[in-house]
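Hi there,

Here is the model I promised to pass on to you. Please have a look at it first, and then read on for my notes.

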Amino acid sequence: MSAVLTVALAMLLVAAALAVWRAVRPGTLGDRAVALDMLTAIITCGLLVGAALTGDGLLLDLAVVLGLLGFLASVTVARFIERRGV
Amino acid sequence: MSLFVNVLTAVFVVVGVALALVAAIGLHRLGDTRARMHAATKPATLGVLCCATGAVLQVDDVSSITKVVVVVVLQVITAPVGAHMLSRAITIDADQAG
């Protein structure tokens with residue numbers, strides 16, 4: 001099982017790289033916001049898989065904080081786009 | 001029993017991670033910001049839910065399980081709200097531009 005979880009972490013790394021590339025690539029502010037929103041979801045998944053791999057409860061604290069911060073970030077960017085435009 | 005739990009963990013984690021990977025590919029393949037959002041918002045709920053189920057099967061103390069439940073509840077409440085606010089802002093902005 002630990003081999004499967006390690007492969008899963010590698011797949012998440014590929015997904016995170018694709019999301020970062022989407023955010024860095026030329027695009028609108030909305031595109032970048034969507035990509036970074038997805039990046040926080042991918043990192044949360046990675047922390048949960050890491051907790052499953054090691055049984056370490058500390059990673060779950062990080063996942064809670066990241067969930068709150070990701071929501072705050074996407075709401076802030078949404079308000080910014082709404083007021084000032086892309 | 002232990003083997004069964006391990007196999008179940010692996011299945012849930014692989015499903016969640018595969019969703020995230022497909023969504024990341026969709027972020028590049030789809031042509032419109034809202035179409036990309038359609039791809040990107042699915043792993044934010046279902047992917048995290050699957051990975052959390054995998055994690056809950058492997059940790060054994062009550063505090064860790066509680067934390068996983070908190071993560072899932074937060075994610076299920078906030079991810080659709082955040083995505084909705086973002087898509088509304090994009091739509092309003094597109095209307096103003098066009």
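By about how many degrees does H2(B) bend, and at which residue? The bend is about 30 degrees, and it sits at Pro43(B). Please keep in mind that this is a predicted model. Even with that bend, H2(B) reaches 37 Å from its first C-alpha to its last, close to the 38 Å expected for its 26 residues at 1.5 Å a residue.

Now for the two chains, beginning with the one that holds this helix.

Chain B consists of three helices and zero strands, so its pattern along the sequence reads α-α-α. Its radius of gyration is 17 Å, well over the 13 Å that the globule rule gives for 98 residues, so chain B is more spread out than a compact globule. Along the principal axes, its C-alpha atoms fill a box of roughly 60 × 25 × 10 Å. Of its 98 residues, 45% are buried. If you take the contacts in chain B with a separation of 6 or more, 62% of them are between residues 24 or more positions apart.

Chain A also reads α-α-α along its sequence, with three helices and zero strands. The box for its C-alpha atoms is roughly 50 × 25 × 10 Å along the principal axes. Chain A has 86 residues, and 45% of them count as buried. Among its contacts between residues at least 6 apart in sequence, 51% join residues at least 24 apart.

Next, the place where the chains meet. The contact draws on 44 residues of chain A and 46 residues of chain B. On the chain B side, the elements that give two or more residues are helix H1 (2–29), helix H2 (33–58) and helix H3 (62–97). H3(B) gives the most to that side, with 17 residues. Sorted by class, the side of chain B that touches chain A has 28 nonpolar, 14 polar and four charged residues.

The largest nonpolar core may interest you too. It has 56 residues, and those that touch the most other members are Met38(A), Cys45(A), Leu48(A), Val49(A), Ala20(B) and Ala52(B). Two or more residues come from each of helix H1 (2–24), helix H2 (29–54) and helix H3 (58–84) of chain A, and likewise from H1, H2 and H3 of chain B. H2(A) supplies the largest share of this core, 14 residues.

Two residues are good places to start zooming in.

- Cys45(A): beyond its neighbours within four places in sequence, Cys45(A) is in contact with Leu12(A) in its own chain and, across in chain B, with Gly16(B), Val17(B), Ala20(B), Pro43(B), Gly47(B), Val48(B) and Cys51(B). Pro43(B) in that list is the residue at which H2(B) bends.
- Val72(B): this residue lies in helix H3 of chain B. Val72(B) is buried, because 21 other C-beta atoms lie within 10 Å. Setting aside neighbours within four places in sequence, Val72(B) is in contact with Val48(B), Leu49(B) and Ala52(B). Val72(B) and Val48(B) are 24 residues apart in sequence, yet their C-alpha atoms are 7.2 Å apart in space.

Val48(B) therefore makes a handy stop on your tour, as it appears among the contacts of Val72(B) and among those of Cys45(A).

Best wishes

Methods: Residues numbered from 1 in each chain as written. Chains lettered and ligands numbered in written order. Predicted model: local features only at pLDDT ≥ 70, side-chain atom pairs only at ≥ 80, totals over all residues. Contact = placed C-beta atoms within 7 Å. Helix = DSSP H or I, 4+ residues; strand = E, 2+ residues; numbered from the N terminus. Nonpolar A, V, L, I, M, F, W, Y, C, P; charged D, E, K, R; others polar. Buried ≥ 20, exposed ≤ 12 C-beta atoms within 10 Å, placed from the backbone. Expected span 1.5 Å × (residues − 1). Bend = angle between axes of the 7 residues up to and from the residue. Rg over C-alpha atoms; globule rule 2.2 N^0.38 Å. Core = buried A, V, L, I, M, F, W, Y, C linked by C-beta atoms within 7 Å.
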